[in-house]
Amino acid sequence: MRPRSLHAHRFLGFAPGPRLLFLGAVHGNETCGTRGLERLVGELASGSLQLARGSLTVVPVANPLAYAKGQREGDRNLNRAMMPREAPVDFEDHVANALCTLFAEHDVLVDFHSFHAPGDPFVLVGPNDNEGDVEPFSQAREEEMLAAHLGPQRVVEGWMSAYTSGVRRRRGANADPALLAREFAYGVGTTERMRASGGYAVTIECGQHEDP
């Protein structure tokens, strides 16, 4: 039976503060975020860790179908074409609708992933502040400060600019603008959608999938 909902945990501080969202298992075989977030939820629920201010929403398994299968995708890659859909078709469309609602309700997103090959953890950040057409943004300083506090020494930037440059190169100088816009939209994942919703976001790649 296919899942029909997402399981989210919410914690509210008594003092005003930012509204933070944590996601794990956007890709179902990337379980390090899930394990860490389950531990975090347990510590908050027991009172051994206290939320000082603001709010925290934790979704340990953002793609329950892919997670149940133990593979990257359910029907498709959830971390592409992240947008609300009036007529959802595949499982990830339904998840995207739920996640887009959460993005609009929060200020900051941290999305936990892992990768296939051995390597050191790294953080993916968004663009510099800009008023361009691809990914306009005005909170680069806040995002860089968040990345600096997460631990990894390596920071990677420029996903959307590299992706859209590749689309333009493949399609050529005379490509239909509507076609380019559709292909650009496919490159939008969780963090890009969070920025488009008015917040800021980072992806943390925690290491190799099965590395304890």
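For the pocket linings below, Ala, Val, Leu, Ile, Met, Phe, Trp, Tyr, Cys and Pro count as nonpolar, Asp, Glu, Lys and Arg as charged, and the others, Gly among them, as polar. On that scheme, the lining of the second largest pocket comes out at eleven nonpolar, three polar and one charged residues. Keep in mind that this is a predicted model. Besides the pockets, there's a helix with one buried face, a buried strand residue, I204, and a pair of non-glycine residues with positive phi, A25 and A81.

**The second largest pocket**

- This pocket has a volume of about 350 Å³.
- It's lined by 15 residues, and P18, L20, L51, R53 and S55 are the ones closest to its centre.
- Strand 2, helix 1 and strand 3 (53-59) each put two or more residues into the lining.
- Strand 3 has the largest share of that lining, at four residues.

**The largest pocket**

- Here the space comes to about 430 Å³.
- There are 28 lining residues, with L124, W159, M160, T191 and E192 closest to the centre.
- Two or more residues apiece come from strand 4 (108-115), helix 5 (159-171), helix 7 (190-196) and strand 7 (200-208).
- Helix 7 is the top contributor to this lining, giving four residues.
- Sorted by class, the lining holds six nonpolar, 14 polar and eight charged residues.

**Helix 6**

- Helix 6 covers residues 177-186, and its buried residues are L180, E183 and F184.
- Looking down the axis of helix 6, those buried residues fall within an arc of 105°, so they line one face of the helix.
- That fits the usual geometry: an α-helix has 3.6 residues a turn, so residues three or four places apart point the same way.
- What do the buried residues of helix 6 pack against? Their partner is helix 5.
- At the N-terminal end of helix 6, D176 acts as the cap, with a side-chain oxygen 3.0 Å from the backbone nitrogen of A178.

**I204 in strand 7**

- I204 sits in strand 7.
- Is I204 buried or exposed? I204 counts as buried because its relative accessibility is 7%, and the cut-off for buried is under 20%.
- Setting aside neighbours within four places in sequence, I204 is in contact with V110, D111, F112, H113, F122, V123, L150 and P152.
- F14 is another matter: it lies 190 residues from I204 along the chain, and the two C-alpha atoms are separated by 28 Å.

**Positive phi at A25 and A81**

- As background, most residues other than glycine have a negative phi.
- A25 has a phi near 55°, which is positive even though the residue isn't glycine.
- You'll find A25 in the loop between strand 2 (15-23) and helix 1 (32-46).
- A25 counts as buried because its relative accessibility is 0%.
- A81 also has a positive phi, near 50°, and is likewise a residue other than glycine.
- Look for A81 in the loop between helix 2 (64-69) and helix 3 (91-105).
- With 9% relative accessibility, A81 counts as buried too.

Notes:
Residues numbered from 1 in each chain as written. Predicted model: local features only at pLDDT ≥ 70, side-chain atom pairs only at ≥ 80, totals over all residues. Heavy atoms only, no water. Buried < 20%, exposed > 50% of the residue type's maximum accessible area, 1.4 Å probe, protein only. 1 Å grid on protein atoms, 1.4 Å probe; cavity = no way out; pocket = protein on both sides within 12 Å on 5 of 7 lines; lining within 4 Å. Points joined across faces, edges and corners; volume = space filled by probe spheres on them. Arc of directions from axis to C-beta. Contact = heavy atoms within 4.5 Å. Polar contact = N/O pair within 3.5 Å; in protein donor to acceptor, adjacent residues only side chain to side chain.
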